[in-house]
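Hi everyone, thanks for coming. Today I'd like to walk you through one small piece of homework I did on a structure. Have a look at the screen and then we'll go through it together.

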Amino acid sequence: MIIRNLKLEDFDDVNNLFMQLHNSEMEHRPDLFRKIDKPTTSRAWDFEA
């Protein structure tokens, strides 16, 4: 496995991974997580910062 710093080109993949994790946690702990339609950081410039 190669570990590297994130790049702006990774933005969509990171958001998809975040949503998968969130949905899994929401399924197992609906008392702590609510359904969301998109990640909190949905803008590339926030990700880059």
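Let's start with a puzzle: which side chain meets the side chain of arginine 4 in a salt bridge? It's aspartate 10, and the distance there is 2.9 Å, N to O. Before I go on, please keep in mind that this is a predicted model.

Okay, so what about the surroundings of those two partners? Arginine 4 counts as partly exposed, because its relative accessibility is 49% and the buried label needs a value under 20%. Aspartate 10 is at 12%, so by that cut-off aspartate 10 is buried. You'll find aspartate 10 in the segment before α1. Aspartate 10 has another partner too: a polar atom of its side chain lies 2.7 Å from the backbone nitrogen of lysine 7.

How many salt bridges does the count come to? The count is 2. The other pair is arginine 29 with aspartate 31, whose side chains meet at 2.6 Å, N to O. Here arginine 29 is partly exposed, with a relative accessible area of 39%, while aspartate 31 is exposed at 53%.

Now let me zoom out for a moment. The chain has 2 helices and 0 strands. There are 49 residues in the chain, and buried ones make up 14% of them. As for the outside, the accessible surface comes to about 4600 Å², and 54% of that belongs to carbon and sulfur atoms. And if you take the contacts between residues at least 6 apart in sequence, 47% of those join residues at least 24 apart.

Next up, helix α1. It runs over residues 11-28, which gives 18 residues. From first C-alpha to last, α1 reaches 26 Å, close to the 26 Å you'd expect at 1.5 Å a residue.

Which residues of α1 are buried? They are Phe11, Asn15, Met19 and His22. If you look down the axis of α1, these buried residues fall within an arc of 70°, so they line one face of the helix. Turn to the other side of α1 and you get exposed residues instead: Asp13, Leu17, Gln20, Glu27 and His28.

Let's pick one from the buried face and follow it. Histidine 22 sits in helix α1. Its relative accessibility is 10%, so histidine 22 counts as buried. What does histidine 22 contact, once we leave aside neighbours within four places in sequence? The answer is Phe33, Arg34 and Ile36. With one of these there is a polar link as well: the side chain of histidine 22 reaches the backbone oxygen of arginine 34 at 2.8 Å.

That brings us to arginine 34 itself. Where is it? Arginine 34 is in the loop between α1 and α2, and α2 covers residues 44-48. Is arginine 34 buried or exposed? Exposed, with a relative accessible area of 62%. Arginine 34 touches His22 and Met26, again not counting residues up to four places away in sequence. Compare its position with asparagine 23: the two are 11 residues apart in sequence, and their C-alpha atoms are 8.9 Å apart in space.

So, to put two ends of the story side by side: histidine 22 is buried, and arginine 34, whose backbone oxygen its side chain reaches, is exposed. That's all from me, thanks for listening!

How values were computed
Residues are numbered from 1 along each chain as its sequence is written. This is a predicted model: local features need pLDDT of at least 70, side-chain atom pairs count only at pLDDT 80 or more; totals for chains, interfaces and linings use all residues. Side-chain values use heavy atoms; hydrogens and water are left out. Helices (H or I, at least four residues) and strands (E, at least two) are DSSP runs, numbered from the N terminus. The expected span of a helix is 1.5 Å times one less than its number of residues. Buried means under 20% relative accessible area, exposed over 50%, partly exposed in between (1.4 Å probe, protein chains only). The arc is that of the directions from the helix axis to the C-beta atoms. Contact means heavy atoms within 4.5 Å. A salt bridge is a side-chain nitrogen of Lys or Arg within 4 Å of a carboxyl oxygen of Asp or Glu. Accessible areas come from the Shrake-Rupley method with a 1.4 Å probe; for residues, only the protein chains shown count as cover. A polar contact is a pair of N or O atoms within 3.5 Å; within protein, one must be able to donate a hydrogen and the other to accept it, and residues adjacent in sequence count only if both atoms are side-chain atoms.
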